[in-house]
Amino acid sequence: MRALRFVGAALAVVIVVIAILLVIGIPSGFLTSTIASRVESATGYRLSVDGTTKISLWPTLKVTLNDLTLQDPKDRNGLTRLTVDSVQADMSLSSVWSGRPEISELVVTHPVLYQPLLRERLPNAGTAARPRTIDTGGAIIDQIKIIDGEVAFARVRDRIEGRISAINADAVVGRDRKVNIAGTARVGEHPTKFDIKATTPAAPGERQAIPVDFAIDMPSVLKSQLAGHAEMRMNGDVVMINGVNGRLGDGTFNGWASVDIASKPLVKVDLDFQRLAIPLAKSPQGTSGQPWSNAPIDVSGLNYVDAQVRISANEAVIGDARIAPLALEAKLAGGVLKAGTANLGAYGGQISGEVILDATTGAPSFAMHSDLVGVRALPLLQGLAEFDRIDGKLQAKLALRSAGTSQRALMANMQGTAFVNFQDGAIRGINVAQMIRSLTTSTLSGWQENQNPSPEQSTDLSQLSASFRIDKGQAVTTDLNLIGPLVRVTGAGTIALDTKMMGFRVEPKLVMTTEGQGRTSDPVGFGIPVMIQGSWSQPRIYPDMAGMLDNPDAAYAKLREMGKGLFGPDGAGLDNILGNLGLGGTPAPGAGSANPQGQQPGQNNLLGGPLGEALGNLIQQGLSSGTGAGASPGTGTGRSRSLPAPPSAPAPQASPAPPAQDDASMAQQDSQPMNDVLRQLFNR
């Protein structure tokens, strides 16, 4: 790549041509070849002037050249060239007569530098002959203006093209050899503003340090202005940038860089930041449930540059996620990018891993492996994925790979394994006690979005773990396990990464003792599995009543087993309650009737009569709701016929009992006592 040489040669060409015109006058056809010959001998590049040439003498001497093309005669294909619509030079007549033209302003309109892209570095690129020193004949230029310039990068074989367009710049050259360049451009789709100040050496030559101050604004990429100071010098085909120090936002940095421009660029960068901020685009409010984008992801540019990058920072802010410290090493060669980090500090823990991105094919592929140890989950997930439902210490092992040209394709082709383990935290926005109560009367839709993720709307957990095997975007787990102070949940299910859907069947269990983590007895299950199905953002959560009603005796046995801890020895209190409700309860051995003489009220119900009565109401509501919800029209009777019939005397025909009033009374009865029992069960 000889872009820098082309820029310098172009300026020299303009000066040489203007000097010839001032001596010879307006050229005719035979003088065009003379001008081209002089330019080639002075710069080594071939010039063709295909347009007209004009000279005006008022109010100042003005020379205008149209349709110029400058190219390397060794480039037979003409891929590397510079075209210019017009060049206009203003100067004073007195400086012309003195033999040292002083050009007050040089205007270059619509220059386009065409630069081919190379996939491989040329083996002998660095051994080419150096261009001769350009002699401008003592001419002086005070100001150079570039209007609507472009740099076009292309590789015809790969059908790849990129541009730096809309380049508008003013360069002012002082008599003290100070150069100030300010302007704007568009790099791809990113508007850019730049301001560069440099001091040119007294005599031209290689390996002379040029101090440079720079300031770059690119709002769509950089969160704040990038400003700094460096010393540049040429070492053959390598641009050396030493002593780099500056500021990005409120953080300082220092280091060095180099660019080998012999053929395919080789960039080397080593920078250390005090604080590095990398903004990430956030999803608009209300779009969390939207599908993955099908917009193409283009990483083909990685094939046309090689790089070795080392970045370190005391603190890095990626989106809203904060990492401290950061140490990242990356190598890009032949279109394959490898980036890795070891013991990266993140929210009280450490992250290690490597990412490999292969851009050599039409469908780029990636592979990654990562270990997270002791990282606090809430700020990490909230900053990187805008997910704030789980908090706790996170440990994870990821080994993933995929290929595709869009977000949706990458998710659909995902393969690998993942293990996650959250400890000593909470599920925010979900109150399991309230959820279980709600499941007895209706289906839940979503993660209680109308509730703030406050301590009152959360479920404490000691551990939440699951391992996933991922194939074609389907993440399957059979060992979901949640352990809380008074609750256990196990289950299995699938997460569809490509469609953002999920399907889980979980089994909640209550711990019927206050012994906590050191208890010796096992938790007792409800006997009612819970289904979680639908989209990630708004799943349906409902009890699997059909499975329970198919075997009511087993369900009753589960409920009776639960009563051992709450309702006295052998669950006698629960038997009494269920018997009174007509759900098949039988008096405990030796207990006699539901309320034997001499027995104090609540003796077999260790938590008291109202509490047991409320739990009985809850059970009755759950069974009746499940019967209505789980059976289709015309089959409700078939579902309920296996339940024990309530023992009651035939009611007189003249005065039937009003069922609607009884049902309403039962629903009202459940309200406050049910809240009390769940607060005791779930420590709420």
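Visitor: In S12, which residue is the bridge partner of Phe 214?

Guide: This is a predicted model. S11 covers residues 210-217, and S12 covers residues 226-235. The two strands run antiparallel and are joined by 7 bridges. In S12, the partner of Phe 214 is Gly 228.

Visitor: Which residue in S11 is the bridge partner of Lys 197?

Guide: S10 spans residues 190-199 and pairs with S11 in the antiparallel sense over 6 bridges. On the S11 side, Lys 197 has as its bridge partner Asp 213.

Visitor: Which strand gives the most residues to the largest nonpolar core?

Guide: The largest nonpolar core has 51 residues, and Phe 273, Phe 468 and Phe 504 have the most contacts inside it. The top contributor to this core, with 5 residues, spans 458-471 and is strand S25.

Visitor: What is Phe 273 in contact with, leaving aside its neighbours within four places in sequence?

Guide: Contact here means heavy atoms within 4.5 Å. With those neighbours set aside, Phe 273 is in contact with Leu 248, Thr 252, Phe 253, Ile 311, Ser 312, Ala 313 and Asn 314.

Visitor: How many residues are in the other core, the one with Val 39 and Leu 47 among them?

Guide: This core lies apart from the largest one. Leu 82 and Ile 144 are also among its residues, and the count is 22.

Visitor: What share of the residues in the chain is buried?

Guide: Buried means under 20% relative accessible area. Over the 684 residues in the chain, the buried share is 39%.

Note on methods: Residues are numbered from 1 along each chain as its sequence is written. This is a predicted model: local features need pLDDT of at least 70, side-chain atom pairs count only at pLDDT 80 or more; totals for chains, interfaces and linings use all residues. Side-chain values use heavy atoms; hydrogens and water are left out. Two strands pair if DSSP finds at least two bridges between them. Helices (H or I, at least four residues) and strands (E, at least two) are DSSP runs, numbered from the N terminus. Buried means under 20% relative accessible area, exposed over 50%, partly exposed in between (1.4 Å probe, protein chains only). A nonpolar core is a set of buried Ala, Val, Leu, Ile, Met, Phe, Trp, Tyr and Cys residues joined through side-chain atoms within 4.5 Å.
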